[in-house]
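Work through the following exercises with the sequence and the coordinates side by side. Each task is followed by a solution that proceeds step by step.

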Amino acid sequence: MSFVAAIDSSKNISSWSRAVNALAQVLDQIKITISGLALTLLAINPSRTSSGEILFERLFFREFSFDTANISPVGFKIDENDHNYLSYSCIVSSKHMVVLFKNLDAASLSYICLRLDCYDGVPRNKEFKLFVEILTKKMIVKKYLVNYQPVLPQELPIPRIYKKDFDNGKCKHLMMELNTMKSFLDMVPLSTEDFKVDVKQTKILFVAFTRQVLKDKELLKQAMLITILMAIDELMELNLDGTTSSINFRLKDYRTFINCCTSMGDLTHSDDNLLPEPLFEAYFKGGGDPLVVEHNSGPVLVRLIILTAGTGEPQDGDENRDKYILQGHTIHKVPESHITRAKPTSLISKGRLDNATGQGREPSYEPDFNSFQSSSMGDIVTYGKRGSTPTSEAPAKKAKTKATDADTDYSTSDEEAELGPTQQNNKPTSLFG
């Protein structure tokens with residue numbers, strides 16, 4: 001196998017569920033990027049004005065393994081600046097991810113296991129599939145297959161550029177408590193569209209502006225303006241002394257970011273009740289430039305990038321302005337030399353849409369369910385006891401068969417008897433390899 005990760009902490013399972021549901025509100029596709037250091041979930045809205053990114057460090061998982069040996073070149077990337085940094089990227093349907101991970105009862109689960117078989121020469125029945133395995137504390141195993149598409153591993157350079165400019169004094173920065181902003185947004189109606197941050201010398205204003213208010217399907221003509229005024233000294237950290245700046249952006253994704261960060265809490269696994277209040281940081285320049293907002297919660301980093309409205313003259317001397325764009329996902333097509341040809345059947349026509357992504361896949365063939373069953377039962381992916389990438393040195397052992405006219409053979413022996421899924425070291429056996 002190329003990648004496998006397991007989450008067994010109830011707190012971490014809850015955080016994973018909230019992260020998936022938060023990104024699903026941004027776009028109907030979620031990009032998964034895997035490296036030896038972390039797993040990253042990314043979503044960019046259709047208008048490409050905001051992006052949400054949640055990075056899970058390997059310490060977040062109980063087990064984390066990424067094997068790049070013989071990995072498929074489709075979706076794989078070697079960093080030009082750091083040749084030791086290797087990553088694999090793909091997109092999955094956010095609707096399918098929500099179905100799997102929404103409203104999870106974390107206290108009743110033993111673990112969640114994720115697996116991708118993306119090595120070169122992977123069998124057809126395992127190709128482009130995310131395997132999800134969930135074990136409950138009642139020893140019930142749930143198996144899911146989610147189709148994915150490899151994409152080009154593209155970096156969003158805006159956070160890196162902003163932090164570098166901040167070190168050089170070219171980017172504004174502030175830090176404040178999450179609960180302060182959460183309390184303010186709780187007073188703002190859900191129909192509010194615009195949000196404004198206004199810095200004036202020694203004061204900072206957060207303004208939520210509602211252009212129209214609907215009540216009982218009737219339009220109230222009077223607009224609504226809610227403002228919170230703070231002294232700059234009340235912020236945790238800043239470099240705004242004596243400056244004047246104003247940025248305006250859409251509130252919807254920003255509210256999702258604040259709610260997601262607040263619900264995650266602290267994941268440092270500390271029993272200290274005197275932990276500081278959770279914080280978030282913001283990096284911004286001026287009207288028309290992006291806003292970068294980040295929150296660290298132990299091994300999890302939540303980041304939001306929002307393009308702001310142009311409310312003034314752009315900052316002079318910014319040579320990176322042409323990089324302040326959010327690019328969509330680009331499907332990484334399979335090279336002709338890596339396409340495995342199979343015999344097509346008459347049951348599935350050429351160019352049929354993929355069930356998970358809705359994208360056309362060409363050519364499309366009828367899956368061989370017999371080969372799927374035989375190859376899937378051989379490997380173990382259950383957390384704590386997994387199989388490995390098949391090699392030619394270890395051929396799969398053929399199952400013993402007995403010719404009989406009956407559909408089921410109920411005869412058993414000591415050598416051929418098979419234990420139930422909960423009788424092998426108290427751990428179930430996976431139904432797929």
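**Exercise 1. Overall inventory**

Determine how many helices and strands the protein contains, and which share of its residues is buried.

Solution. The model to be examined is a predicted one, and its secondary structure consists of six helices and 21 strands. Turning to burial, one finds that 44% of the 433 residues are buried. The accessible surface amounts to about 24,200 Å², and carbon and sulfur atoms hold 49% of that surface. A last step concerns contacts with a separation of 6 or more, of which 68% join residues that are 24 or more positions apart.

**Exercise 2. Confidence**

Establish what the mean pLDDT of the protein is, and over which residues pLDDT stays under 50.

Solution. The mean pLDDT is 76, with 69% of the residues reaching 70 or more. Over residues 339-381 pLDDT stays under 50, and there the model has 70 contacts beyond four places in sequence. Over residues 386-419 pLDDT likewise stays under 50, and the model has 20 contacts beyond four places in sequence for that stretch. Where pLDDT is low, the predicted coordinates should not be read in detail.

**Exercise 3. A pair of helices**

Describe how helix 1 and helix 5 are oriented towards one another, and which residues make the contact.

Solution. Begin with the axes: those of helix 1, residues 10-24, and helix 5, residues 252-264, come within 10 Å and cross at roughly 175 degrees. Because angles over 145 degrees count as roughly antiparallel, helix 1 is roughly antiparallel to helix 5. Next, list the residues: helix 1 contributes Ser-15, Arg-18, Ala-19 and Ala-22, while helix 5 contributes Thr-256, Cys-260, Ser-263 and Met-264. Finally, sort the residues of this contact by character, which gives four nonpolar, three polar and one charged.

**Exercise 4. Two buried residues**

Decide where Ile-32 and Ser-72 are placed, and which residues each of them contacts beyond four places in sequence.

Solution. Ile-32 belongs to strand 2, residues 29-35, and its relative accessible area of 5% makes it buried. Beyond its neighbours within four places in sequence, Ile-32 is in contact with Leu-39, Thr-40, Leu-41, Tyr-88, Ser-89, Cys-90, Val-92 and Leu-130. The C-alpha atoms of Ile-32 and Ile-54, which are 22 residues apart along the chain, are separated by 10.0 Å.

Ser-72, by contrast, sits in the loop between strand 5 (63-66) and strand 6 (76-78), yet Ser-72 is also buried, its relative accessible area being 13%. With neighbours within four places in sequence set aside, the contacts of Ser-72 are Tyr-88, Cys-118, Tyr-119 and Asp-120. Tyr-88 thus appears among the contacts of Ile-32 and among those of Ser-72.

**Exercise 5. Positive phi outside glycine**

For Asn-103 and Phe-128, find the value of phi and decide whether each residue is buried or exposed.

Solution. Asn-103 has a phi near 55 degrees, a positive value in a residue other than glycine, and it lies in the loop between helix 2 (94-101) and strand 8 (109-116). With a relative accessible area of 67%, Asn-103 is exposed. Phe-128, which is not a glycine either, has a positive phi of about 55 degrees and is found in the loop between strand 8 and strand 9 (129-136). Since a relative accessible area under 20% counts as buried, Phe-128 at 14% is buried.

**Exercise 6. Partly exposed loop residues**

State in which loops Gly-288 and Pro-189 lie, and which residues they touch beyond four places in sequence.

Solution. Gly-288 lies in the loop between strand 19 (279-284) and strand 20 (290-297), and a relative accessible area of 38% makes Gly-288 partly exposed. Its contacts, apart from neighbours within four places in sequence, are Thr-308, Ala-309 and Gly-310. Although Gly-288 and Gly-310 are 22 residues apart along the chain, their C-alpha atoms are separated by 3.8 Å.

Pro-189 occupies the loop between helix 4 (178-186) and strand 12 (194-201), and counts as partly exposed at 25% relative accessibility. Not counting residues up to four places away in sequence, Pro-189 touches Met-224, Ile-226 and Arg-255.

Methods:
Residues numbered from 1 in each chain as written. Predicted model: local features only at pLDDT ≥ 70, side-chain atom pairs only at ≥ 80, totals over all residues. Heavy atoms only, no water. Axes fitted to C-alpha atoms, helices over the stretch in contact; angles between N-to-C directions. Helix = DSSP H or I, 4+ residues; strand = E, 2+ residues; numbered from the N terminus. Parallel < 35°, antiparallel > 145°, perpendicular 65-115°, else oblique. Contact = heavy atoms within 4.5 Å. Nonpolar A, V, L, I, M, F, W, Y, C, P; charged D, E, K, R; others polar. Buried < 20%, exposed > 50% of the residue type's maximum accessible area, 1.4 Å probe, protein only. Areas by Shrake-Rupley, 256 points an atom, 1.4 Å probe, with all protein chains shown as cover. pLDDT = per-residue confidence, 0-100.
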